[in-house]
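Biologist: I should like to learn how to read a structural model. Please take me through it one feature at a time.

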Amino acid sequence: MTSKTGPTAVTASVATTAPAPAATTVPAPVSMPVPVVLAGARGHGRWHVENIRRLQDKGLVRLVGLCELTPLTEEEFGAELPSQSPDFGALLDATGARVAVICTPIPTHTDLALAAAKRGVHLLLEKPPAPSYAEFRRMADGVAAAGVACQIGFQSLGSHAVPAIRKLIAEGAIGTLTGVGGAGAWARDEAYYRRAPWAGKRRLNGVDVIDGALTNPLAHAVATALALNGTTRAEDVTRIETELVRANDIESDDTSCVRVTTVQGRPVTVAVTLCAEHPGEPYVLVHGSEGRITYWYKQDRALLQRAGHGPEEFEYGSTDLLENLVAHLIDGEALLVEPDATGAFMKVVEAIREAPDPAQLPTNAWNLISTENRRVVPGIDALVTAAADTLALYSELGAPWAPPKEVSP
């Protein structure tokens with residue numbers, strides 16, 4: 001994606017019309033409360049508004065600006081409004097923000113992140129960080145060159161369960177680690193794909209979007225499975241196989257699976273759908289030679305099952321990623337999700353981007369639940385579960401509608 005096909009080409013939530021400084025600004029010292037600008041305050045951005053308010057009440061941050069093409073009303077915002085502007089760069093300059101939270105359409109992420117980085121503004125960038133590996137590298141390299149901190153918004157990687165499960169694996173609790181599966185069976189109605197011009201799109205106005213089940217709503221399943229396998233960086237990935245289909249009238253996949261071959265010699269297979277019969281909590285399944293660990297990442301809950309022991313269940317806390325970013329800036333605490341720690345995930349995004357467009361399922365492969373206005377693929381819940389259990393793809397499990405797998409070296 002080039003700069004001339006930037007945010008306005010995909011009906012972004014923000015504009016970047018202000019000229020960036022010719023040279024990168026050296027990041028200034030940060031003190032509390034940290035002034036924060038939020039780009040994208042509607043949709044999922046509402047969660048960020050509430051989270052910023054929570055941290056504001058703790059004296060950690062101060063919301064100084066909102067960036068939206070259409071300004072929020074005080075009634076919509078639910079409080080007195082901070083400064084607003086559709087021009088992201090101008091808003092950063094005017095408010096003196098030290099941190100920017102970017103929660104805008106996927107294709108806008110790189111340009112907005114670089115606009116902030118050039119001004120010495122640190123970042124919390126929503127997942128997925130970019131719609132292609134090239135855009136991801138442009139963002140990550142530019143941020144690194146600017147010397148600003150950047151946290152990628154995979155909140156599941158802020159869970160205390162992740163290091164705890166890694167410790168169990170290292171201690172041999174389940175024997176030798178043999179692979180990791182991921183499963184996500186969710187439901188999305190027709191309105192979900194009509195909520196924004198980019199929803200369910202692979203491209204829009206010639207710009208990559210790649211808003212599919214694996215890359216956006218269930219991206220945490222992919223990123224968390226890779227992390228628990230010890231496969232986080234791009235160079236950890238050697239081969240990717242994808243199977244992408246769609247029941248809905250969209251461009252991107254709503255039912256898909258991926259298998260990643262890693263330098264560690266262990267496969268990571270993630271199967272997902274937005275057309276579940278009975279939607280449930282997504283999870284990651286860690287396979288060992290003498291047991292397994294199931295991790296429900298949205299609940300910070302894990303189940304350890306191993307030979308010679310009864311099942312053990314654990315519940316964990318979680319560190320908020322914006323709070324961690326503030327602690328990094330103030331106290332030098334390590335960032336939990338730096339850009340390069342999502343390189344392997346971005347290789348999966350790239351494989352999906354380069355794969356043929358998802359195949360439309362035949363009409364006899366899905367049903368419409370009219371009362372919920374959503375499409376369901378019969379048998380998909382069991383297939384998702386089986387893929388995580390066996391680390392096999394849909395085609396290998398006998399799904400009659402599964403397309404030939406695509407292999408990305």
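**Reading salt bridges and strands**

Modeller: Let us begin with one contact: the side chains of glutamate 323 and arginine 54 meet in a salt bridge, 3.5 Å from N to O. A salt bridge here is a side-chain nitrogen of Lys or Arg within 4 Å of a carboxyl oxygen of Asp or Glu. Glutamate 323 lies in helix 8 (residues 321-331) and arginine 54 in helix 1, so the pair ties together parts that are 269 residues apart in sequence. Helices (H or I, at least four residues) and strands (E, at least two) are DSSP runs, numbered from the N terminus.

Biologist: What kind of model is this, and how are its residues numbered?

Modeller: This is a predicted model, in which local features need pLDDT of at least 70 and side-chain atom pairs count only at pLDDT 80 or more, while totals for chains, interfaces and linings use all residues. Residues are numbered from 1 along each chain as its sequence is written, and side-chain values use heavy atoms, with hydrogens and water left out.

Biologist: Is glutamate 241, the salt-bridge partner of arginine 239, buried or exposed?

Modeller: Buried means under 20% relative accessible area, exposed over 50%, and partly exposed in between (1.4 Å probe, protein chains only). Glutamate 241 counts as buried, at 2% relative accessibility. Arginine 239 is partly exposed, at 33%, and the closest N and O atoms of this pair are 3.4 Å apart.

Biologist: Which residues share partners in a salt-bridge network?

Modeller: Consider first glutamate 350 and arginine 353, whose closest N and O atoms are 2.8 Å apart in a salt bridge. These two residues are three apart in helix 9 (residues 343-354), which means that about one helical turn separates them. Through shared partners, salt bridges join Arg202, Arg203, Asp208, Glu350, Arg353 and Asp357 into one network.

Biologist: How many salt bridges are there by this rule?

Modeller: The count comes to 28.

Biologist: Which way do the side chains of strand 1 point?

Modeller: In a regular strand the side chains alternate between the two faces of the sheet. In strand 1 (residues 34-39), Val34, Val36 and Leu38 point one way, whereas Pro35, Val37 and Ala39 point the other way, and all are buried.

Biologist: Which strand is joined to strand 1 by six bridges?

Modeller: Two strands pair if DSSP finds at least two bridges between them. Six bridges join strand 1 to strand 2 (residues 61-67), and the two run parallel. Within strand 2, leucine 63 is the bridge partner of valine 36. Strand 4 (residues 99-102) also runs parallel to strand 1, with four bridges.
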